[in-house]
Amino acid sequence: MAYGAPRKSLGQHFLTDRNILGSIADAAEVGPGDTVIEVGPGRGALTAVLAERAQRVIAVELDGALARSLAVAAPSNVEVMEADARAVDPAALLGGCAPYKMLGNLPYYAAMPILRRFLEAECRPECAAVLVQREVAEQMCAKPGAMSLVSLAVQLYGSARVARIVRPGSFTPPPKVTSAVVATTLHDGLAEGVDDAERFFVLARAGFSAPRKQLRNALASGLKVAPDEAEQLLAAAGIEASRRAQTLSMAEWASLYRVWRSA
């Protein structure tokens with residue numbers, strides 16, 4: 001089937017390496033009986049792999065021309081939806097909330113908004129396997145010492161790992177950066193000790209508001225409280241006031257959140 005040239009405005013870099021396509025499906029352990037929501041199917045290379053493995057595939061494509069072309073050639077177990085994945089409701093795509101896996105070659109410019117849309121939805125996936133820019137992948141999977149708001153945005157909902165590094169030559173056209181497949185297994189709810197994601201990120205944003213400062217001072221500034229009060233919160237959570245936001249683990253952030261919420 002003939003396709004138009006990739007659209008730079010939509011960040012289109014089509015994955016063509018079948019080994020990598022298989023790795024994305026493997027990272028989410030896609031198998032018979034699974035329902036998959038695929039984001040950014042493009043010309044359908046990953047869609048074809050998923051259709052062979054899964055019971056049902058819902059492919060969400062923003063580019064109308066690509067969506068129409070894909071729908072014409074799609075196997076019977078593939079449904080193509082023309083929509084912006086940053087705004088979709090997974091339950092509506094599924095026809096009611098049901099177990100599913102989320103996969104895709106995400107456009108670099110919209111990778112985190114798309115991923116957060118699914119992680120923060122009431123109907124969350126069981127797991128996700130997405131292809132993103134390597135630097136974003138490293139942030140998603142970061143350990144204490146290199147944590148960021150991106151790290152917390154993913155690790156609040158599940159555990160993430162880099163499953164495979166992907167070189168530019170695996171795409172058409174090749175991007176200028178290296179990519180990576182990130183596999184995330186979702187918790188049943190939020191990370192232990194966190195009961196409200198929105199409130200949690202009020203605290204986290206305050207902590208990261210001045211990442212070069214000691215956490216005592218960053219929290220004081222971000223939460224608009226006295227430094228002594230911020231220090232007391234940290235002490236109650238068992239965290240040294242002189243540490244910096246990027247050194248805290250997800251568990252330590254959850255502990256600090258519990259203290260802050262009850263203060």
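This passage describes helix α10 and the packing of helices α8 and α9. The structure is a predicted model, in which local features need pLDDT of at least 70, side-chain atom pairs count only at pLDDT 80 or more, and totals for chains, interfaces and linings use all residues. Residues are numbered from 1 along each chain as its sequence is written, and side-chain values use heavy atoms, with hydrogens and water left out.

Helices are DSSP runs (H or I, at least four residues), numbered from the N terminus. Helix α8 (residues 197-207) packs with α9 at an angle of about 125°, and their axes lie 7 Å apart; axes are lines fitted to C-alpha atoms over the stretch in contact, and angles run from 0 to 180 degrees between N-to-C directions. This makes α8 oblique to α9 (neither under 35, over 145, nor 65 to 115 degrees). Val202, Leu203, Ala206 and Gly207 of α8 meet Leu215, Ala218, Leu219, Gly222 and Leu223 of α9, where contact means heavy atoms within 4.5 Å.

In helix α10 (residues 227-236), the buried residues (under 20% relative accessible area, 1.4 Å probe, protein chains only) are Ala230, Leu233 and Leu234. Viewed down the axis of α10, these buried residues fall within an arc of 95°, so they line one face of the helix; the arc is that of the directions from the helix axis to the C-beta atoms. The buried residues of α10 pack against α9 (215-223) and α11 (250-262). Asp228, Gln232, Ala235 and Ala236, on the other side of α10, are exposed (over 50%). Just after α10, glycine 238 adopts a positive phi of about 75°.

How values were computed
Helix = DSSP H or I, 4+ residues; strand = E, 2+ residues; numbered from the N terminus.
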